[in-house]
Amino acid sequence: MPLTRSKSLPATENGGSDRETLQSGRSVAGILYKWTNYGKGWRSRWFLLRDGILSYSKIRRPENVNLLSPSDDLRLIGDISTDRLLRMKSCSGRSRRKHHKNIGIVHLKVSSYRESKSDHRKFYIFTATKTLHLRTDSRSDRAAWLQALASTRGIVPLQSINGDFSFVSPKDLSISTERLKKRLLEEGMNESLVKECEQIVDSEFCEVQEQIKLLHEERKKLLDALRQLEMANLEAEASGIHDDVYQLRNHKYSSLGRGKYSECSTSASSDDKQEFEDISEEDEASFHDTKESFGEPDVGSVLTHFKRRTKLPDPAEKERGVSLWSMIKDNVGKDLTRVCLPVYFNEPISSLQKCFEDLEYSYLLDQAYEYGKSGKSLLRALNVAAFAVSGYASTEGRHCKPFNPLLGETYEADFPEKGIRFFSEKVSHHPTVIACHCEGKGWKFWGDTNLRSKFWGRSIQLEPVGILTLEFDDGEIFQWSKVTTTIYNILLGKLYCDHHGIMKIRGNRQYSCMLKFKEQSILDRNPNQVNGFVEDVTGKKAATVFGKWNDSLYYVSGDGLNKASASLLWKATKPPPNVTRYNLTSFAMTLNELTPGLEEKLPPTDSRLRPDQRHLENGEYEKANEEKQRLERRQRMSRQIQESGWRPRWFEPQGESKSYKYTGGYWEARDGKSWDDCPNIFGEFTEEVADCA
């Protein structure tokens with residue numbers, strides 16, 4: 001078998017000699033490293049490119065490599081490939097070669113590829129159901145493989161499928177019989193016979209034209225199918241949504257973007273994971289966007305007299321880590337309700353402020369309001385669904401718990417640049433209930449939440465109890481409850497949280513929505529999925545919704561069979577550049593900020609004035625621990641205060657459900673700085689304060 005070692009040349013536009021190599025019948029083979037998962041990492045595989053098909057198999061011993069017959073011409077890429085073949089040849093004389101079964105086959109006619117922009121050894125092959133992350137030993141070897149892929153007959157580079165194709169339309173084809181007529185007349189044939197010959201030629205040409213027309217239509221259908229594959233790149237399963245990017249069909253040179261969690265993206269090292277993210281960031285695809293008519297509210301349109309911060313203060317002290325296991329060990333046999341956990345396990349915001357994080361993407365409700373005004377009720381329901389999902393995006397990577405508010409603690413958020421005002425209050429200590437109220441552009445949002453927790457040894461399950469209500473100025477109302485949150489690997493392993501369950505968004509008019517947050521399994525390579533649909537009052541599906549709660553949400557009309565035409569509803573903002581161990585979003589970093597002139601306007605119950613939380617934000621960990629222990633002693637008196645007849649200041653229970661609703665008056669009291677009936681709950685606790693409360 002004639003074997004040749006490739007001389008890797010810089011990639012050329014037309015493939016150069018590699019195109020001649022592939023078209024002459026020579027096959028290309030070599031060792032490539034394929035990303036598998038976290039446990040195994042990059043593993044070497046034997047790749048063979050022949051007749052437009054790329055196959056690969058495991059390599060346990062050199063003699064296990066299944067090559068071509070000795071009569072075939074094989075071109076090798078890479079020094080390692082040559083060394084293996086030499087060893088294989090030496091082994092073949094001693095033992096019979098075993099044919100190893102292929103573990104993967106890629107049909108290049110319906111695939112695309114691109115090189116990595118951050119690593120000169122990596123490249124990617126995109127198929128309809130998966131993404132292969134591949135690595136060579138050198139830049140020259142990668143160039144040789146890319147040349148081979150580009151030279152393969154039938155494969156189309158990534159951008160060309162979405163480019164322009166020049167078709168010769170059958171109707172543009174024509175034939176002239178003038179030369180034939182002239183020649184026949186010169187030969188002495190009469191005009192009637194010449195005319196008959198012309199008719200025969202025209203008839204035959206018409207038949208050929210019809211055949212060309214059929215071929216023309218078939219080619220168009222084939223290319224349309226290729227476009228659909230490159231645009232959608234979806235898993236062929238109804239329950240799961242593969243996280244790929246959907247192309248805007250009328251974009252002339254759209255490139256095939258990839259989301260963070262394509263087939264191997266959840267199983268890479270930190271460096272590789274960044275590269276996987278680069279696929280979507282560097283080659284950003286275009287989308288149908290429901291915001292194109294009026295867009296997200298322009299932050300600059302309503303100017304504040306200050307600029308909100310983009311990072312937390314630099315720590316004043318060096319933080320010392322705390323072992324949760326040692327905390328449990330040291331408190332065995334004690335009443336855990338009286339054990340004060342150090343602030344190391346907290347993030348510098350309270351649960352009251354964390355409620356406001358659900359309003360980060362409030363522009364979705366502004367859009368929903370505008371859509372409803374213009375009679376687009378379905379788009380209103382879809383934007384409400386996107387808003388309900390978007391509130392979970394900020395939870396990714398958040399491993400610290402927020403501060404538990406004191407009874408009567410409050411929080412306000414006045415964001416004129418977003419057009420919203422938010423207020424929340426801890427209205428009950430046992431059980432712990434937080435109520436909130438927000439007013440926006442043509443809508444009001446309110447609700448109360450109570451978390452029921454279950455400890456399962458290695459995980460904690462949090463089940464929210466309570467109803468969230470959204471009411472538009474035109475009277476349309478949507479209500480829903482949050483899904484279950486589970487925090488895994490409490491004692492050992494990497495800590496992470498997952499949201500799962502069914503979310504029913506009930507509307508009082510034409511549309512309602514059902515969303516399923518898929519529970520993540522141990523081997524799940526495509527986590528955080530959300531799937532659902534919007535249905536009308538008759539139960540007919542009006543739209544299908546799918547995406548990921550930490551990334552984006554899409555919709556298609558009807559039952560969702562044609563996901564290639566999906567439109568973007570919502571996409572999460574990128575993480576901030578100044579990331580701390582708390583993993584706060586850019587929006588969350590602003591929640592505890594005391595902006596100029598704000599402190600003198602706040603009531604003494606506002607979370608921003610809580611001393612332990614403020615010390616933690618400033619990196620004053622010793623002071624934060626001291627203040628937390630002091631406030632914990634007051635917290636233990638809250639149940640007694642509540643049973644003594646205490647009532648919340650700004651909310652009151654409604655009806656049999658005892659759900660809390662805002663009674664009004666807070667912003668008016670704020671304008672007049674009328675806080676006389678608001679106790680200083682963060683000061684030293686006395687019996688006098690208990691009586692006032």
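Here are a few short exercises on this predicted model, each with a worked solution.

**Exercise 1. Get your bearings**

Find how many helices and strands the protein chain has, and what share of its residues is buried.

*Solution.* Start with the elements: the chain holds 15 helices and 28 strands. Next, look at burial: of the 693 residues, 49% are buried. Finally, turn to the contacts between residues at least 6 apart in sequence: 61% of these join residues at least 24 apart.

**Exercise 2. Two helices side by side**

Work out how helix α9 runs relative to helix α10: roughly parallel or roughly antiparallel?

*Solution.* Step one is to know what to look for: a pair of packed helices is described by the angle between the axes and the distance between them. Step two is to locate the pair, with α9 at residues 363-373 and α10 at residues 377-390. Their axes come within 8 Å and cross at roughly 170 degrees. Step three is to apply the cut-off: angles over 145 degrees count as roughly antiparallel, so α9 is roughly antiparallel to α10.

Now see who touches whom. On the α9 side the contact includes Leu 364, Leu 365, Tyr 369 and Tyr 371. Across from them, α10 brings residues including Leu 379, Val 384, Ala 386 and Phe 387. Sorted by class, the residues of this contact come out as nine nonpolar, four polar and two charged.

**Exercise 3. A look inside the largest cavity**

Find how much space the largest cavity holds and which residues line it.

*Solution.* First, search the whole structure: five cavities of 30 Å³ or more turn up. The largest has about 70 Å³ of space. Then list its lining: Asp 358, Phe 387, Ala 388, Gly 391, Tyr 392, Phe 445, Leu 468, Trp 480, Lys 482 and Met 503. Sorting that lining gives seven nonpolar residues, one polar and two charged. You've met one of these before: Phe 387 lines the cavity and is also part of the contact between α9 and α10.

**Exercise 4. Trp 145 and its surroundings**

Decide whether Trp 145 is buried or exposed, then find what it touches.

*Solution.* Begin with the place: Trp 145 sits in helix α3, residues 139-151. Its relative accessibility is 2%, and buried means under 20%, so Trp 145 counts as buried. Leaving aside neighbours within four places in sequence, its contacts include Val 28, Phe 47, Leu 54, Ile 77 and Phe 123. Take Val 28 as an example: it is 117 residues away from Trp 145 in sequence, yet the C-alpha atoms are 8.5 Å apart.

**Exercise 5. Three buried residues**

For Ser 350, Arg 670 and Asp 119, say where each one sits and how accessible it is.

*Solution.* Take Ser 350 first. It belongs to strand β11, residues 346-350, and is buried, with a relative accessible area of 0%. Beyond its neighbours within four places in sequence, it contacts Pro 402, Phe 403, Glu 409, Ser 607 and Gln 613.

Arg 670 comes next, in helix α14, residues 666-672. At 10% relative accessibility, Arg 670 counts as buried too. With neighbours within four places left out, it meets Glu 412, Leu 598, Lys 601 and Trp 675.

Last is Asp 119, in the loop between β7 and β8. Its relative accessibility is 18%; the cut-off for buried is under 20%, so Asp 119 is counted as buried. Asp 119 and Arg 139 are 20 residues apart in sequence, with 8.9 Å from C-alpha to C-alpha.

Notes
Residues numbered from 1 in each chain as written. Predicted model: local features only at pLDDT ≥ 70, side-chain atom pairs only at ≥ 80, totals over all residues. Heavy atoms only, no water. Axes fitted to C-alpha atoms, helices over the stretch in contact; angles between N-to-C directions. Helix = DSSP H or I, 4+ residues; strand = E, 2+ residues; numbered from the N terminus. Parallel < 35°, antiparallel > 145°, perpendicular 65-115°, else oblique. Contact = heavy atoms within 4.5 Å. Nonpolar A, V, L, I, M, F, W, Y, C, P; charged D, E, K, R; others polar. Buried < 20%, exposed > 50% of the residue type's maximum accessible area, 1.4 Å probe, protein only. 1 Å grid on protein atoms, 1.4 Å probe; cavity = no way out; pocket = protein on both sides within 12 Å on 5 of 7 lines; lining within 4 Å. Points joined across faces, edges and corners; volume = space filled by probe spheres on them.
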